[in-house]
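Please take a moment to look over the chain before reading on. The paragraphs below lead through it step by step, from pairs of charged side chains to strands, core and surface.

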Amino acid sequence: QVQLVESGGGLVQPGESLRLSCVASGSIFIMYTMGWYRRAPGNQRELVATISGSAPNYADSVKGRFTISTDNAKNTVYLEMNSLKPEDTAVYYCYARFRRTVLGDVQDYWGRGIQVTVSS
């Protein structure tokens with residue numbers, strides 16, 4: 001069984017930082033992409049950042065403030081969030097695309113989400 005488990009969310013003040021972590025567990029043959037999406041109240045889920053190999057991709061709204069990284073040996077993805085703004089408040093979802101076996105399909109997996117609240 002595959003699980004993506006997020007950690008590190010919480011309540012911070014504007015300008016502060018948080019670091020999110022997500023561990024993918026279960027049978028994973030090859031990992032293609034890991035990343036983060038978010039959903040703010042009343043909005044649709046949107047991309048925050050993804051990383052394939054060593055190539056990151058960021059939403060314009062977080063460029064220069066957020067940094068995505070991975071520990072491939074641990075199937076873990078991190079999101080370092082600096083200079084947080086109230087508009088960053090959302091539920092953050094971990095995402096991973098991988099193949100579970102050598103002949104298996106490439107599939108997308110999601111975590112349950114973790115709340116990040118930026119408020120004074």
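Which residue forms a salt bridge with D88, and how far apart are the closest N and O atoms? In this predicted model, the partner of D88 is R38, and the closest N and O atoms of the two are 3.0 Å apart. D88 lies in the loop between β8 (76–81) and β9, while R38 lies in strand β4, so this salt bridge ties together parts that are 50 residues apart in sequence. To say whether these residues are hidden or open, we can use a cut-off: a residue is called buried when its relative accessible area is under 20%. D88 has a relative accessibility of 0% and therefore counts as buried, and R38 is buried too, because its relative accessible area is 6%.

R38 also takes part in a salt bridge with E46, where the closest N and O atoms are 2.8 Å apart. Here the partner has another setting, for E46 has a relative accessible area of 37% and is partly exposed, whereas R38, at 6%, is buried. The structure holds six salt bridges, and one more of them joins D108 to R97, with the closest N and O atoms 2.6 Å apart. This pair links distant parts of the chain, since D108 belongs to strand β10 (residues 106–110) and R97 to strand β9, 11 residues apart. Both ends of this bridge are partly exposed: D108 has a relative accessibility of 38%, and R97 has a relative accessible area of 35%. Returning to R38, we find that salt bridges with shared partners join R38, E46, R65 and D88 into one network.

Strand β9, which holds R97, can now be followed to its pairing partner. β9 and β10 run side by side in the antiparallel sense and are paired over five bridges, and one example of such a bridge is that of A96 in its pairing with Y109 of β10. The two strands form a hairpin, with six residues between them. A second hairpin is made by β5 and β6, and in this one two residues stand between the strands. Strand β5 covers residues 46–52 and strand β6 covers residues 55–58, and they pair in the antiparallel sense over four bridges. S52 has A55 in β6 as its bridge partner, and in the turn G53 has a positive phi of about 65°.

How many disulfides does the structure hold? There is one, and it joins C22 to C94, with a distance of 2.0 Å from S to S. A disulfide is a covalent bond between the sulfur atoms of two cysteines. The angle about the S-S bond is -85°, and the link of C22 and C94 is left-handed. C22 lies in strand β3 (residues 18–25) and C94 in strand β9 (residues 90–99), so the pair ties together parts that are 72 residues apart in sequence. Are these two cysteines buried or exposed? C22 counts as buried, because its relative accessibility is 0%, and C94 is also buried, with a relative accessible area of 0%.

From these buried cysteines we can turn to the nonpolar interior. The largest nonpolar core has 32 residues, and those with the most contacts inside it are W36, L79, M81 and Y92. Several strands contribute to this core, and those that give two or more residues are β3, β4, β5, β7 (66–71), β8, β9 and β11 (114–118). The largest share comes from β9, which gives five residues.

Nonpolar side chains are also found on the surface. F29, I30, Y32, V102, L103 and V106 form a nonpolar patch there, and together they have about 590 Å² of accessible area. One of them, I30, has its place in strand β4 (residues 30–39), and with a relative accessibility of 34% I30 counts as partly exposed.

A last comparison of positions begins in strand β3, where R19 has its place. R19 counts as partly exposed, because its relative accessibility is 44%. From R19 to Q107 the sequence separation is 88 residues, and in space the two are 26 Å apart, taken from C-alpha to C-alpha.

Conventions. Residues are numbered from 1 along each chain as its sequence is written. This is a predicted model: local features need pLDDT of at least 70, side-chain atom pairs count only at pLDDT 80 or more; totals for chains, interfaces and linings use all residues. Side-chain values use heavy atoms; hydrogens and water are left out. A disulfide is a pair of cysteine sulfur atoms within 2.5 Å. Buried means under 20% relative accessible area, exposed over 50%, partly exposed in between (1.4 Å probe, protein chains only). Patches are made of residues with over 30% relative accessible area and no salt bridge: like charges are joined within 9 Å, nonpolar side chains (Val, Leu, Ile, Met, Phe, Trp, Tyr) within 5 Å. Accessible areas come from the Shrake-Rupley method with a 1.4 Å probe; for residues, only the protein chains shown count as cover. A salt bridge is a side-chain nitrogen of Lys or Arg within 4 Å of a carboxyl oxygen of Asp or Glu. Two strands pair if DSSP finds at least two bridges between them. A nonpolar core is a set of buried Ala, Val, Leu, Ile, Met, Phe, Trp, Tyr and Cys residues joined through side-chain atoms within 4.5 Å.
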